[in-house]
Amino acid sequence: MSIQINDLTVTFKNKVTAIDHANLEIPSGIFGLLGENGAGKTTLMRVLTTILAPTSGTVMLDGIQYHEKNYAKIQKRIGYLPQEIDLYPNLTVQECLEYLGDLAGIPKPLCKERIQYYLEKTSLTEHRRKKMRQLSGGMKRRVGLIQALLSEPAFLIIDEPTTGLDPEERIRIRNLLVDFSENRTVLFSTHVVEDLAATCNQLAVMKKGHFLYAGSVQELLDHADGCVWDCMVKDPAEARSLEQKYRVSSKQYAEGGIQMRILSRLKPKIPCRPAHVTLEDAYIYLTNE
Amino acid sequence: MRKEIKIALPLSKIIYALFFIVIMSLICGISVSYEIGSKLEPAMAILAAAFCADTYVQEVTSRRSEIERLYPMKKRICSVGTRLLIQELFLLLLAAAGYGLFLLFQKPILLSVLPTGNGDEITQFFVCLAAVAVTLCFWGILSNTLACLFRSLWFGFGGCLLLWLITNSTFGDRHLGSWNIFSYTFRDAENSGDFSWLAGKGVCIVFCIAACAILPKLLKRRG
């Protein structure tokens with residue numbers, strides 16, 4: 001299962017261009033989508049789920065072109081978890097999933113089997129009789145993810161699935177997605193760089209409707225290699241002056257002063273040493289290049 | 001079906017509908033029992049418009065419509081239809097209860113006490129219920145259709161309110177006559193043999209059929 005996006009443009013009625021002549025190929029496995037707020041990630045996902053029609057350009061899913069006449073074929077292969085969704089507050093978790101499974105056309109016995117499996121996988125089995133309105137934000141998010149997985153789609157699109165989850169829940173969801181991505185394509189959008197670092201080999205970085213980068217995580221890290229520096233400054237005034245000169249990706253009070261991480265192609269003119277590049281550093285470096 | 005009932009009839013809706021009908025039967029004065037239909041029909045119409053406006057549009061506001069777009073249209077239509085049916089049946093039962101409450105609270109003169117020519121009480125009740133059933137369908141479907149069209153509950157209810165004010169008025173009665181959607185309200189109540197109001201109900205039924213036919217297209221375009 002692969003997705004090809006060629007020269008895609010999405011312009012809204014108010015003339016705002018959310019995606020501007022973008023090209024991308026999404027291979028099998030987990031593919032990360034990273035970008036600041038308003039970069040166009042959600043718009044891209046809405047195009048891929050057929051909610052939004054592109055203004056121009058083409059999108060192909062396994063050789064099927066995104067066109068109204070093919071939407072039914074495409075929709076059968078997609079599972080989607082939007083950024084915000086409020087599932088039926090008066091239904092219990094079990095009822096809600098059964099209802100959505102029925103709407104999706106999944107045979108009842110199979111649907112029940114899958115619900116049980118995914119409830120266990122997401123540690124929601126003991127909460128299955130709770131009403132949706134009684135769940136915490138993280139639990140609701142997990143139920144949302146189950147509904148996207150229920151039809152076992154070949155192409156899973158998930159918009160910020162780990163929002164509102166505690167660290168343990170995040171790890172659980174990440175592992176579930178990794179398991180699910182075998183022989184499938186999972187497009188995973190997030191602001192949490194850590195989640196992508198832990199799950200994806202491939203990713204794309206969006207900014208203002210363009211793809212700044214598309215490729216492997218390692219290549220992105222290599223791109224920033226030698227451009228990340230750790231230094232220690234004594235007083236806050238010196239730290240402020242550095243912040244004005246350079247892009248600082250982290251700042252922390254330590255015993256000997258203030259520990260700072262600077263992103264710069266050239267070595268800063270202060271005592272510093274090259275640092276190990278994290279995905280977050282590489283992302284910040286790329287978006288501010 | 002049980003899940004659809006839970007979705008279509010949350011407790012808050014049931015409570016406000018019950019309050020509405022109790023208050024209506026308490027404050028609307030009538031002297032003869034054949035006036036109940038004239039009071040009940042417009043009241044149930046506006047209640048149906050408010051009650052059914054969010055039948056589908058709740059999926060849009062909760063963003064559930066974004067995942068439902070991936071589901072087969074037949075299933076989605078079936079779900080909206082079932083919800084409408086549940087709500088209409090609930091409102092019809094409420095209308096029947098409201099008829100009883102009018103009799104209880106207002107203690108009107110019954111037909112059996114009046115001189116002949118006004119029919120019997122039971123027939124009048126069922127005729128009233130049939131007219132109200134068509135009215136409920138019309139206003140419920142209209143508000144749901146408008147809400148789907150404008151993707152807003154308030155447009156659904158607001159549009160209905162505007163039409164309600166126009167048709168449930170002297171203007172509506174004079175200019176639309178028996179073709180008025182409130183033809184039963186404005187019928188010659190003293191003449192039980194007058195069924196010219198059926199024309200107005202016919203208009204309602206035609207509209208309901210047309211609205212149901214365009215619903216799939218509406219969900220596809222605006223859903």
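This short talk walks through two sheets of chain A and the helices that pack on them.

First, some ground rules. The model is predicted: local features need pLDDT of at least 70, side-chain atom pairs count only at pLDDT 80 or more, and totals for chains, interfaces and linings use all residues. Residues are numbered from 1 along each chain as its sequence is written, while chains are lettered from A and ligands numbered from 1 in the order in which they are written.

Strands of a sheet pair through backbone hydrogen bonds, either parallel or antiparallel. Here, two strands pair if DSSP finds at least two bridges between them. Helices (H or I, at least four residues) and strands (E, at least two) are DSSP runs, numbered from the N terminus.

Now the six-stranded sheet. Its order is β6-β7-β8-β3-β9-β10 in chain A, open, with mixed pairing. Which strands sit at the edges? They are β6 (78-81) and β10 (210-216) of chain A, each pairing on one side only. Look at β3 (residues 29-35) and β9 (residues 202-207) of chain A: they run parallel, joined by five bridges. A:Leu34 stands opposite A:Val205 in β9(A). Helix α10 (residues 279-287) of chain A packs on this sheet, touching β3, β9 and β10 of chain A. Contact means C-beta atoms, placed from the backbone, within 7 Å.

Next, the four-stranded sheet. It is open and antiparallel, in the order β12-β13-β11-β14 (chain A). β12 (247-254) and β14 (272-274) of chain A each have a single partner strand, so one side of each is left without a neighbour in the sheet. Three bridges join β11 (residues 228-233) of chain A to β14(A). A:Cys231 stands opposite A:Cys272 in β14(A).

Notes
Contact = placed C-beta atoms within 7 Å. Axes fitted to C-alpha atoms, helices over the stretch in contact; angles between N-to-C directions.
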